[in-house]
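Colleague: Could you walk me through some of the labels on this model? I'd like to hear the reasoning behind them.

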Amino acid sequence: MEKIIKLNNTQFKGYENNGCYEFKGIRYATSHRFDVPHPYSYSEGMVDLTEPSPICYQGKSQIESFITGNNYSKFTQVEDPQFLSITIPIDVKENEKLPVMIFIHGGTFRHGGCDSISYNRTYLSKENRLILVGINYRLGAFGFSVNLNRKPANLGLLDIIEGLKWVKNNIGSFYGDANNITIFGQSSGGEAVKAILLSKGTEDLYNRAIIQSAPSGSMHNRKEVNEYITSNINDLPIYVSAVKVLKVQEELNENFKGNGNAKYLVYGPHYGVFPLVKEEEIDIKINEVSKTHDLLIGYNSREVAVYLKNSKTIKNLSKHLITKRIVERGIKIKSDQLFAKDANDFYKKFHENNTHSYLYELYRQDKTEFLGGCHGIEFLLLFGATDSANEELMHNYTIEDIIEIGKPLRKLWGDFAKTGKVEVDEVPNILKIVKGR
């Protein structure tokens, strides 16, 4: 069944899917290479929104494919991927204004797309009666290298902000409450959410934020990697093909041998570059934004385990009691460095001004599989598993089991989006609230 929504002089046609209406591939902005995004307006007529939002040019990623089950080469890839998609519960009433959740996808700022098969927004939408939005943005060298003046730039972040402005201005036509908006993201998407909180002029675009497994430990001491990326991209003529830019992007990512944790996230936001504040101003900005916005932030207990999944040595050591303790200690240390420590620090600063802020740990290890509590495992619980989901990541549960197991987690996310409060101490066998209750 089709659903038509009128916005100004344009009619947007969506379709029914799993108890929801979906409108996929709405262009919210456009851009030229290394230039800022510009708002996009549709002309009169009907727009058929049945195909996934085009994604930014991107290379292959084994770990991304493992976690998400996607083959992004099958998606339409463009240089200006400023598209968004909207999901609405099918039982919405004509005069309703439902809370809105806007998802920022992850993928090390080099991969991903909002209509990935692992991001099925329908479960969150229909179970909690929410409007769900996914936003695509420029990645890698296209989004986080330089601008037209060949200076460091946050173009991908500016894309996301432009998408948030579109939602703020237009979501009312899609039954959404523009005064009740939650932004949330996982991994580099979580880092993007944090960057929005720490950007100038974004305060009125959202009410709450959920930051999931942001790799903030890789965002320190980035001078070396930033200079490496910008200097090499600046050697490229402005007119070369997008495919050539992508090739250079992937080569730079592969060949960077710098020290420190920045090497795990070669592309990313630049602090001190518009619209992001300087690093020394972060605490001031947190103090400001925490007075008027709510926060749910957290990490998974064994984040880096997924990056060790192909190591037969590590897995064999994990089968024996003594050596397993050594392996687990190493996993915890590295997971804390890259994810947990910074999440805890950010929460503490935020909580000083807002009791509607919570820190969680997602551990989900009700079986003994090596990937319990690993990076990305919440995809299955928040968005529902698909046929392509990795059986090892699913702990050999059925798709139907995973969807059912994830319900209380989706409710927690949905309740926070509606009220800014977390009323439970834990989701048994999945997550615990570490601080804020």
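Modeller: Sure. Keep in mind that this is a predicted model. Let's start with Gln249, which sits in helix H7, residues 242-255.

Colleague: Why is Gln249 called buried or exposed, whichever it is?

Modeller: Its relative accessible area is 0%, and buried means under 20%, so Gln249 counts as buried.

Colleague: What is Gln249 in contact with, leaving aside neighbours within four places in sequence?

Modeller: Arg110, Leu139, Gly140, Ala141, Phe142 and Tyr267. With Ala141 there's a polar pair too: a polar atom of the Gln249 side chain lies 2.9 Å from the backbone nitrogen of Ala141. The cut-off for a polar contact is 3.5 Å, so that pair falls within the limit.

Colleague: And Leu148, what makes it partly exposed?

Modeller: Leu148 has 48% relative accessibility. Buried is under 20% and exposed is over 50%, so Leu148 lands in between. You'll find Leu148 in the loop between helix H3 (140-144) and helix H4 (155-170).

Colleague: Which residues join Leu148 in a nonpolar surface patch?

Modeller: Ile238 and Tyr239, and the patch comes to about 360 Å².

Colleague: How do you know that the span of helix H13 agrees with its number of residues?

Modeller: H13 covers residues 407-419, which is 13 residues, so at 1.5 Å a residue the helix should span 18 Å. The end C-alpha atoms are 18 Å apart, so the two agree.

Colleague: Which residues of H13 are buried?

Modeller: Leu409, Arg410, Leu412, Trp413, Gly414, Phe416 and Ala417. Just after H13 comes Gly420, with a positive phi of about 80 degrees.

Terms used:
Residues numbered from 1 in each chain as written. Predicted model: local features only at pLDDT ≥ 70, side-chain atom pairs only at ≥ 80, totals over all residues. Heavy atoms only, no water. Patch = residues over 30% accessible without salt bridge, like charges linked within 9 Å, V, L, I, M, F, W, Y side chains within 5 Å. Areas by Shrake-Rupley, 256 points an atom, 1.4 Å probe, with all protein chains shown as cover. Salt bridge = Lys/Arg side-chain N within 4 Å of Asp/Glu carboxyl O. Helix = DSSP H or I, 4+ residues; strand = E, 2+ residues; numbered from the N terminus. Buried < 20%, exposed > 50% of the residue type's maximum accessible area, 1.4 Å probe, protein only. Polar contact = N/O pair within 3.5 Å; in protein donor to acceptor, adjacent residues only side chain to side chain. Contact = heavy atoms within 4.5 Å. Expected span 1.5 Å × (residues − 1).
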